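Please work through the exercises below with the sequence and the coordinates at hand. A worked solution follows each task.

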Amino acid sequence: AFVGADRIVRFLKNESLPERPADRLDEKPPAVVVEGLVVRHAGADQDAIKCVSLRVEPGQAVAIVGSVGAGKSTFLSALLGELASAYGRISFERAG
C-alpha cells in the first residue's frame with residue numbers, strides 16, 4: 001500500500017503537461033513498440049526487466065501478468081516514461 005501511495009504522491013507533485021490540440025480523430029492510433037527493453041532500478045544489482053520486446057497494434061489488448069515482484073509495475077512505469085530504460089527502445093508508431 002505504501003508503494004502505491006508513494007507513486008500517487010509523486011504523480012500529484014509533477015508539473016502539468018502543456019496543453020496541446022486534441023489528436024486528430026480521423027487518424028488511426030499508433031502501435032506501441034517495445035524492443036529489447038532492459039530496466040534496472042537505481043542501486044539494484046540485477047535487472048528488474050530483461051530484454052522484453054512486443055508490438056501492440058491499435059485495437060489489440062494485452063495482459064501484463066506475473067507473480068509479485070515479476071516486474072509488471074516496472075514495465076508499465078517504463079512504458080509511461082516514469083523510469084528510464086537501461087537498454088532498448090519504446091516507441092509509438094503510426095502506420096504509413
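The exercises that follow concern a predicted model.

**Exercise 1. The nonpolar core**

Task: Determine which residues form the largest nonpolar core, and which element gives the most to this core.

Solution: Begin with the membership. The largest nonpolar core has six residues, namely Val34, Leu37, Val39, Ile49, Phe75 and Ala78. Next, assign the core to elements: at least two of its residues come from each of β1 (31-39) and α2 (72-79). Finally, rank the contributions; with three residues, β1 gives the most to this core.

Continue with one core member, Val34. Once neighbours within four places in sequence are set aside, valine 34 is in contact with Val52, Ser53, Leu54, Phe75, Leu79, Arg89 and Ile90.

**Exercise 2. Cysteine 51**

Task: Establish what is notable about the phi of cysteine 51, and decide whether this residue is buried or exposed.

Solution: First, locate the residue: strand β2 (residues 49-56) contains cysteine 51. Second, consider the backbone. Most residues other than glycine have a negative phi. Cysteine 51 is not a glycine, yet its phi is positive, at about 50°. Third, apply the cut-off for exposure, which is over 50% relative accessible area. Cysteine 51 counts as exposed because its relative accessibility is 58%.

**Exercise 3. Serine 77**

Task: Decide whether serine 77 is buried or exposed, and identify which residues it is in contact with beyond its neighbours within four places in sequence.

Solution: Serine 77 is placed in helix α2. The threshold for a buried residue is under 20% relative accessible area. Serine 77 has a relative accessible area of 10% and is therefore buried. Leaving aside neighbours within four places in sequence, serine 77 is in contact with Glu82 and Leu83.

Definitions and conventions
Residues numbered from 1 in each chain as written. Predicted model: local features only at pLDDT ≥ 70, side-chain atom pairs only at ≥ 80, totals over all residues. Heavy atoms only, no water. Core = buried A, V, L, I, M, F, W, Y, C linked by side-chain atoms within 4.5 Å. Buried < 20%, exposed > 50% of the residue type's maximum accessible area, 1.4 Å probe, protein only. Helix = DSSP H or I, 4+ residues; strand = E, 2+ residues; numbered from the N terminus. Contact = heavy atoms within 4.5 Å.
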